[in-house]
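Trainee: Before we accept the terms used for this model, may I ask on what grounds each of them rests?
Mentor: Certainly; let us take them one by one.

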Amino acid sequence: MKNPRLSALPGSLLLLLPLCAVLAAAVLPGITRLAAVLPLLLLPPVKYIYCVCRLRELAGAGLEEAADFILGPGSFFTGMLQRRGEIIPFLKENFPSPPAAVAEIGRAKGGTLMLLCRAAAPDALIISLDLPGAIHSGPVPALNKGAWRLPLLRAMAGPGQDLRLIDGDSKLPSSTALFEGALDGRKLDLLFIDGDHTWEGVKSDYETYSRFVRPGGVIAFHDIQPGLEDFGVAVSRFWRTAHLPGTRKEYIEDPAQVSYGIGALRLPG
Ligand SMILES: C[S@@+](CC[C@H](N)C(=O)[O-])C[C@H]1O[C@@H](n2cnc3c(N)ncnc32)[C@H](O)[C@@H]1O
């Protein structure tokens, strides 16, 4: 279902359509009003259904094809706050064989979740913990919230994958208990930390959830490049100053870039 017309519809246009519908309803007379307003109102749900179907189709795709969609036609509903030139090499280099258990803290629209699903084994356990619409949610936090997102997120996992979506503050013991329950005694091959980017937030996520990663597994920190500390993003300082046992590797597309960048910590085996 790779419909070129729906693919081409720019995401930002979808936000303007209801506004155009209201304007058209206000200025146009009678039947012309109906003819103008209906398509404007119908386009966002049509694009949504298209995204769910396309995500399902991509369940068997590779990382590159999945990234083409979430950064392209699917970006409005399922985009990611990642640089393609960082996350794909990170996943490929660290996981030559597909990981069996992965988790992310910080989902936003689910773009990274889609790539984690594609990188993981067909029968993998995939946990996504997020406090929808919280701090560091991206430009339109409301787009990351609500039950309407569930079909999109569920469509990201392959038929044999076990996707557990947990909504809650990662700092709360209740969220940690749900996370531990989802693992059911298993250990993670990968923990991707990309939630609350404040110093306290990233420190707490590392200290609370690193115990769920197996020896030899990987803990990844997103936004290790500096530049946004004035906006509460302290991952860079944490990555550079905290004592983190293991072997480090950095994935940074452009050394001059502000923020982004992935720090990979491989735990001692
Ligand atoms: C930068 S976004 C994640 C981006 C996502 N990984 C991607 O690449 O598209 C950060 C996410 O963390 C969530 N978040 C912020 N504080 C949190 C907390 N204390 N617990 C759980 N999630 C949190 C935000 O709501 C947001 O969805």
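**The sheet and its terms**

Mentor: In this predicted model, seven strands form an open sheet in the order 3-2-1-4-5-7-6, and the pairing is mixed.

Trainee: What makes strand 3 and strand 6 the edge strands?

Mentor: Strand 3 (162-167) and strand 6 (247-251) each pair on one side only. On average, neighbouring strands of the sheet are turned by 15° against each other, direction ignored.

Trainee: How do you know that strand 2 and strand 3 pair?

Mentor: Two strands pair if DSSP finds at least two bridges between them. Strand 2 and strand 3 have six bridges, in the parallel sense, so the criterion of at least two bridges is met. Ile126, for instance, stands opposite Leu163 in strand 3.

Trainee: What makes strand 4 a partner of strand 1 and of strand 5?

Mentor: The same definition applies, with at least two bridges required. Strand 1 and strand 4 run parallel and are joined by four bridges; Glu104 stands opposite Phe192 in strand 4. Strand 4 and strand 5 also pair in the parallel sense, over five bridges, and Leu190 has Val218 in strand 5 as its bridge partner. Both pairings therefore satisfy the definition.

Trainee: Which helices lie against these strands, and in what direction do they run?

Mentor: Helix 9 (residues 173-183) lies across strand 2 and strand 3, and runs at about 175° to strand 3. Helix 10 (residues 199-209) packs on the sheet, where it touches strand 1 (101-105), strand 4 (188-193) and strand 5 (213-222). The direction of helix 10 makes about 165° with that of strand 4.

**Buried and exposed**

Trainee: Why is Glu64 called exposed?

Mentor: Glu64, found in helix 4 (residues 63-71), has 11 other C-beta atoms within 10 Å. A residue with 12 or fewer is exposed, so Glu64 falls in that class. The C-alpha atoms of Glu64 and Arg84 are 8.9 Å apart in space, although 20 residues apart in sequence.

Trainee: Why, then, is Arg154 called partly exposed?

Mentor: Arg154, in helix 8 (residues 150-154), has 13 other C-beta atoms within 10 Å. Exposed requires 12 or fewer and buried requires 20 or more, so Arg154 lies in between and is partly exposed. A distance of 9.8 Å separates the C-alpha atoms of Arg154 and Met114, which are 40 residues apart along the chain.

Trainee: What makes helix 7 largely enclosed?

Mentor: Nine of the nine residues of helix 7 (residues 111-119) are buried, so the rest of the structure largely encloses this helix. Among them are Met114, Cys117 and Arg118. Strand 4 is mostly covered, with six of its six residues buried.

**Ligand and domains**

Trainee: Which elements contribute to the shell around the ligand?

Mentor: Helix 7 and strand 2 (125-130) each supply at least two residues. There are 28 residues around the ligand, of which Gly106, Thr112, Leu131, Ala134 and Asp196 come nearest. By class, the shell has nine nonpolar, twelve polar and seven charged residues.

Trainee: How is the chain divided, and how many Å separate the domain centres?

Mentor: The chain is divided into domain 1 (4-53) and domain 2 (80-266). The centres of domain 1 and domain 2, taken over C-alpha atoms, are separated by 34 Å.

Technical notes: Residues are numbered from 1 along each chain as its sequence is written. This is a predicted model: local features need pLDDT of at least 70, side-chain atom pairs count only at pLDDT 80 or more; totals for chains, interfaces and linings use all residues. Domain bounds come from an automatic or database domain assignment. A residue is near a molecule or strand if its C-beta atom, placed from the backbone, lies within 6 Å of it. Ala, Val, Leu, Ile, Met, Phe, Trp, Tyr, Cys and Pro count as nonpolar, Asp, Glu, Lys and Arg as charged, and the others, Gly among them, as polar. Axes are lines fitted to C-alpha atoms, for helices over the stretch in contact, and angles run from 0 to 180 degrees between N-to-C directions. Two residues are in contact if their C-beta atoms, placed from the backbone, lie within 7 Å.
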